[in-house]
Amino acid sequence: MTGGDRPPPPPGATRATIGAMTDPASRPPAGTTVASPPADPAESALVRAARLLPVPHTPVWFMRQAGRSLPEYRALREGIRMLDACADPDLIAEITLQPVRRHGVDAAILFSDIVVPLVAVGVDLDIVPGVGPVVARPFRAWADLDRLRPLTPDDVPYVDAAVRALVRELGATPLIGFAGAPFTLASYLVEGGPSKDHARTKAMLHGAPELWSALLARLAEITTAFLRVQVAAGASAVQLFDSWAGALSAADYARAVQPHSATVLSGLSDVDVPRIHFGVGTGELLRLMGEAGADVVGVDWRVPLDEATCRVGPDRAVQGNLDPALLLADWPVLAAETRRVLAEGRAAPGHIFNLGHGVLPDTDPGALTRVVDLVHAETAG
């Protein structure tokens, strides 16, 4: 089956049609080559690959698979602020399900944003279209820590409700929960928004190490609580995004960041879900990111998976790592690069196919569907 063979959902879907669209009977087959798919998401290809167990095919999902590349997403989000969408259980569930229906991916990832737990504990910020998260009062002094209180499940009831609804709807398909890692969250808080050089962040890390450590410790506590809400509601795996960790040297990461990511990942050691750890530009940090407590290390497109496996070690799976830009190339190029990633991934004890970063907004959804079908066909058996 090619991307053109699988009928997409109605492009004009609105909130009024969510109920009908979430009917399990409306979902197409998940694209699996298994005749009778497992009833338990804990036995899914994704979870098994994360646990280094045999799989019926290489599992595949895409970072930002639910989002601007889908016309049904754009129709649903029209006129709705990002943070409002992230606080509406019905919207969260519907947007999370859209790529599962369309692409037949092996996992859903919760629609949310890494700043949601910060907003939930009272941080004054907004997600500005075309810019990203913008903090009204950046964090620069000890007094600013008073604005970071612990997060409780009562702060994010919409996340709990959405995850429970999704688990019922997804059945055997696992749901991945996610959160931002302490360093990336701290960078937004200290810089006041997105940054290319993270200058103020690095200045605090080096110039005020005690303040820096206290800030990341509080963020680690909030992040752990946010992930535990998702797992308690039924998420089958979690991914910790450290999007900006690649801005650091290995020495700075090991000293001032890794311990706090380790706090988050070890804070989930008592729950039986795989932990994925991902960052961009982190080729020199892959071993350290795995040692922070990850079961799976996400790899961007800069490091081949066979080399990444050597850096991560034989006890962890890898995830990745097709360059998202290649989804805009002609199909013969995209197919060849997909096969290359699969070939390099065979060096790993477990491989989850993904991109090296998120889906670009201009991506043709049909290209994603064709990649899913090719990965399943090439690795079945």
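These legends accompany close-up views of a predicted model, in which local features need pLDDT of at least 70, side-chain atom pairs count only at pLDDT 80 or more, and totals for chains, interfaces and linings use all residues. Residues are numbered from 1 along each chain as its sequence is written, and side-chain values use heavy atoms, with hydrogens and water left out.

**View 1. F178 meets F241 edge-to-face.** Searching the whole structure turns up 5 aromatic pairs; here, rings of Phe, Tyr and Trp (its six-membered ring) pair if their centres lie within 6.5 Å, with planes under 30 degrees apart counted as stacked, over 60 as edge-to-face and the rest as tilted. In the pair of F178 and F241, the centres are 5.4 Å apart and the planes stand at 80°. F178 sits in strand β4 (residues 175-180) and F241 in strand β5 (residues 237-242), so their pairing ties together parts 63 residues apart in sequence. Strands (E, at least two residues) and helices (H or I, at least four) are DSSP runs numbered from the N terminus. Both F178 and F241 are buried, a word used for under 20% relative accessible area, with exposed meaning over 50% and partly exposed in between (1.4 Å probe, protein chains only).

**View 2. F278 joins F241 in a second close-up.** With ring centres 6.1 Å apart and planes at 80°, F241 and F278 are also edge-to-face. F278 belongs to strand β6 (residues 275-279) and F241 to strand β5, so this pair ties together parts 37 residues apart in sequence. The relative accessible area is 12% for F241 and 1% for F278. Ring pairs thus link F178, F241 and F278 into a cluster.

**View 3. Two arginines lie over tryptophan faces.** R302 is placed over the face of W301, 4.2 Å from the ring centre. R370 lies over the face of W331, at 4.2 Å from the ring centre. The criterion asks that NZ of Lys or CZ of Arg be within 6 Å of the ring centre and within 35 degrees of the ring normal.

**View 4. The largest pocket holds about 1,300 Å³ of space.** On a 1 Å grid over the protein atoms alone, a pocket is an open set of points where a 1.4 Å probe fits, with protein on both sides within 12 Å along at least five of seven lines; lining residues have an atom within 4 Å of a point. Its volume is the space filled by probe spheres set on the points, which are joined across faces, edges and corners. The lining has 42 residues, with R64, R68, M82, D113 and I127 nearest the centre. β2 (125-128) is among the elements that each supply at least two lining residues, and β2 gives the most, with 3.
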